[in-house]
Amino acid sequence: MKYTRLTKEQFEELHQEFINFLATQSITAEEWADIKANKPEVAEEELDVFSDLVWEGVLSKVVYLEHISPQQMHLFHLKDKEMQLIAIKLKIDTVDLTTSEGFQWFRENLLSDDVEFLTANKAYSEDKALDKFKLIQQGGVITKGELYKYFEKLVLKE
């Protein structure tokens with residue numbers, strides 16, 4: 001298995017897609033029930049293969065990721081050839097970006113000396129999807145990129 005298995009809740013959400021996946025392998029509902037009951041290792045493999053297929057589809061569409069912690073914000077733009085990062089670091093520890101009060105302070109003090117902006121570009125490894133997946137595993141959240149685009153205008157001069 002390349003990624004992680006989907007959760008029970010995710011499988012429930014993708015119930016119809018999983019049925020279609022089994023159908024592409026000519027596995028009927030009765031056969032699936034038999035496999036689960038009598039060949040649990042085969043059932044596990046099917047769940048893993050389906051999970052990887054779902055992850056591949058999701059990761060191929062991810063363009064922006066955010067990871068916000070109390071003192072830092074990492075905003076990623078996942079381009080075709082490389083990842084671009086805008087990192088924001090608070091130099092004070094009395095503000096927590098994960099709270100609405102902390103984020104409000106940040107918005108009001110964006111240009112103060114207590115806020116540091118960094119940028120970086122990084123090429124993907126041989127496996128771009130796995131690079132994206134690792135960022136998600138480390139706490140990155142898939143977004144539409146509003147924060148990235150906002151700060152891109154402020155800090156990136158292209």
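Analyst: Let's fix one term before we start: a residue is exposed when its relative accessible area is over 50%, buried when that value is under 20%, and partly exposed in between. Keep in mind, too, that this is a predicted model.

User: Let me try that on S26. Where is S26 found, and is it buried or exposed?

Analyst: S26 is in the loop between α2 and α3. Its relative accessible area is 58%, so S26 is exposed. T28 belongs to that loop between α2 (15-24) and α3 (29-38) as well, but with a relative accessible area of 37% it is partly exposed.

User: What is the phi of S26?

Analyst: The general idea is that most residues other than glycine have a negative phi. S26 goes against that habit, with a positive phi near 60° in a residue other than glycine. There's a positive phi after helix α6 too, near 115°, and that one belongs to G139.

User: Now the big picture. How is the protein chain divided into domains?

Analyst: Domain 1 covers 8-60 and domain 2 covers 64-156. Their C-alpha centres lie 35 Å apart. Where the two touch, five residues from domain 1 and five residues from domain 2 take part.

User: How much area do domain 1 and domain 2 bury between them?

Analyst: People often give the size of an interface as the accessible area lost when the parts come together. Here domain 1 and domain 2 bury about 420 Å² between them, with 78% of that on carbon and sulfur atoms. On the domain 1 side, the touching residues are three nonpolar, one polar and one charged.

User: How many salt bridges are there between domain 1 and domain 2?

Analyst: Zero salt bridges cross from one to the other. There is one residue pair in polar contact across that interface.

User: What does a search of the whole structure find in the way of salt bridges?

Analyst: The idea first: side chains of opposite charge can pair when their charged atoms come close. The whole structure has five salt bridges. One of them joins K2 to E56, with the closest N and O atoms 3.3 Å apart. That pair links distant parts of the chain, as K2 sits in the segment before α1 (8-13), E56 is in helix α4 (residues 40-61), and the two are 54 residues apart. Both ends are partly exposed, K2 at 37% relative accessible area and E56 at 32%.

User: Which residue does D48 form a salt bridge with?

Analyst: D48 pairs with R5, and their closest N and O atoms are 2.8 Å apart. This is another link between distant parts of the chain: D48 is in helix α4, R5 is in the segment before α1, and 43 residues separate them. R5 counts as partly exposed at 30% relative accessibility.

User: And within one helix, how far apart are E12 and K8?

Analyst: An α-helix has 3.6 residues a turn, so residues three or four places apart point the same way. E12 and K8 fit that pattern, four residues apart in helix α1, about one turn of the helix. Their side chains meet in a salt bridge of 3.1 Å, N to O. K8 counts as exposed at 62% relative accessibility. Elsewhere, salt bridges that share partners join K2, E56 and D127 into one network.

User: D127 is new to me. Which end of α6 does D127 cap?

Analyst: D127 caps the N-terminal end of α6, where one of its side-chain oxygens lies 3.3 Å from the backbone nitrogen of A129. In helix α6 (residues 128-137), the buried residues include A129, F133, L135 and I136, along with D131 and K132. The buried residues of α6 pack against helix α4 and against strands β1 (64-68), β2 (72-78), β3 (82-90) and β5 (141-143).

User: Take strand β3, then. Is Q84 buried or exposed?

Analyst: Q84 lies in strand β3 and is buried, with a relative accessible area of 8%. Its side chain has polar contacts with those of K79, at 3.2 Å, and Y148, at 3.0 Å.

User: How do I read sequence distance against distance in space for Q84 and A120?

Analyst: Put the two values side by side. Q84 and A120 are 36 residues apart in sequence and 5.9 Å apart in space, C-alpha to C-alpha. For T28 and E56, the values are 28 residues in sequence and 25 Å in space.

Definitions and conventions
Residues are numbered from 1 along each chain as its sequence is written. This is a predicted model: local features need pLDDT of at least 70, side-chain atom pairs count only at pLDDT 80 or more; totals for chains, interfaces and linings use all residues. Side-chain values use heavy atoms; hydrogens and water are left out. Domain bounds come from an automatic or database domain assignment. Contact means heavy atoms within 4.5 Å. Buried area is the accessible area (1.4 Å probe) that two parts lose on being put together, summed over both. A salt bridge is a side-chain nitrogen of Lys or Arg within 4 Å of a carboxyl oxygen of Asp or Glu. A polar contact is a pair of N or O atoms within 3.5 Å; within protein, one must be able to donate a hydrogen and the other to accept it, and residues adjacent in sequence count only if both atoms are side-chain atoms. Ala, Val, Leu, Ile, Met, Phe, Trp, Tyr, Cys and Pro count as nonpolar, Asp, Glu, Lys and Arg as charged, and the others, Gly among them, as polar. Buried means under 20% relative accessible area, exposed over 50%, partly exposed in between (1.4 Å probe, protein chains only).
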